[in-house]
Amino acid sequence: MNKPSFKPAFIISVYLFIMVILFFINRFFEPVENYNLMYWCYGFNALITSIYLFLILYLGELFKHQIGFVFLGFATIKIALFLTLKYYKSIEIEATQFIAFFLPYFASVVYEILVTKHILDKLSFKE
């Protein structure tokens, strides 16, 4: 029995909708001083995760045996890019600002895992 397949635009739209909802919830609880960091963290995670979702949804069948490596590679690239940009922009993340960074990152990783699992469940590895 074939499992239903979602369209890539739908999956990316759902992800962006979740990020917008989380942003406004997070903004309600964060002090005004953390808003710039929040904008930066949410935008960064949304961009990188959208690129990952786009690639994995369109190229999942082609690279079906390497999907796990692609996921790990993007996770590594995301952290490396974030730390590099944080260093060059001289952004300091204090303990009070940790949620502003961690919430969008955690939500993005969970969504990436769910989409990757959905793709792997759908693929046939019989040659």
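Let me start with helix α1, residues 8-29, and helix α4, residues 98-122, whose axes come within 11 Å and cross at roughly 160 degrees. Since angles over 145 degrees count as roughly antiparallel, that crossing makes α1 roughly antiparallel to α4, and the crossing of the two is right-handed. I should say at once that this is a predicted model, so please hear every value today as computed from that prediction.

On the α1 side, the residues that make the contact are I11, V14, Y15, I18, M19, L22 and N26, and on the α4 side they are I99, A100, L103, P104, A107, S108, Y111 and V115. Sorted by class, this contact of α1 with α4 has 13 nonpolar residues and two polar ones, with no charged residues.

Now the other partner of α1 that I want to show, which is α2. The axes of α1 and α2 come within 10 Å and cross at roughly 165 degrees, which makes α1 roughly antiparallel to α2, and here too we have a right-handed crossing, with α1 passing α2. From α1, the residues taking part are P8, I11, I12, Y15, L16, M19, L22, F23, N26 and R27; what they meet in α2 is Y35, M38, Y39, Y42, N45, A46, T49, S50, L53, F54, L57 and Y58. By class, the contact of α1 with α2 has 17 nonpolar, four polar and one charged residues. If you hold the lists side by side, I11, Y15, M19, L22 and N26 of α1 appear in the contact with α4 and also in the contact with α2.

To put these helices in context, the chain has four helices and zero strands, and from the N terminus on its elements run α-α-α-α. Of the 127 residues, 39% count as buried. Looking at contacts between residues at least 6 apart in sequence, 81% join residues at least 24 apart.

Let me turn to the aromatic rings. How many aromatic pairs does a search of the whole structure find? The search finds 11. One of them is Y35 with Y39, where the ring centres lie 6.3 Å apart and the planes stand at 55 degrees, so this pair is classed as tilted. Both tyrosines lie in helix α2, residues 35-59, and they are four residues apart, about one turn of the helix. As for their surroundings, Y35 counts as buried, at 18% relative accessibility, whereas Y39 is partly exposed, with a relative accessible area of 41%.

Further along α2 there is F54 with Y58, whose ring centres are 4.7 Å apart and whose planes are at 55 degrees, so that pair is tilted as well. F54 and Y58 are four residues apart in helix α2 and are therefore separated by about one helical turn, and F54 is partly exposed, with a relative accessible area of 44%. Returning to Y35 and Y39, ring pairs link these two with F23, F24 and Y42 into a cluster.

I would like to finish with three individual residues, beginning with E112 in helix α4. Is the side of E112 buried or exposed, given a relative accessibility of 2%? E112 counts as buried, because that value is under the 20% cut-off. Leaving aside neighbours within four places in sequence, E112 is in contact with T49, Y52, F71 and K78.

The second residue, L123, lies in the segment after α4, and L123 is buried, with a relative accessible area of 12%. Again leaving aside neighbours within four places in sequence, L123 is in contact with G60, E61, K64 and I67. The C-alpha atoms of L123 and H65, which are 58 residues apart along the chain, are separated by 9.8 Å.

That contact list leads to the third residue, E61, which lies in the loop between α2 and α3, the latter being residues 67-88. E61 is exposed, with a relative accessible area of 53%, whereas L123, with which E61 is in contact, is buried. Between the C-alpha atoms of E61 and L120, 59 residues apart along the chain, the separation is 9.3 Å.

Notes: Residues numbered from 1 in each chain as written. Predicted model: local features only at pLDDT ≥ 70, side-chain atom pairs only at ≥ 80, totals over all residues. Heavy atoms only, no water. Phe/Tyr/Trp six-rings, centres within 6.5 Å; stacked < 30°, edge-to-face > 60°. Buried < 20%, exposed > 50% of the residue type's maximum accessible area, 1.4 Å probe, protein only. Axes fitted to C-alpha atoms, helices over the stretch in contact; angles between N-to-C directions. Parallel < 35°, antiparallel > 145°, perpendicular 65-115°, else oblique. Left-handed = near helix turned anticlockwise from the far one by under 90°. Contact = heavy atoms within 4.5 Å. Nonpolar A, V, L, I, M, F, W, Y, C, P; charged D, E, K, R; others polar.
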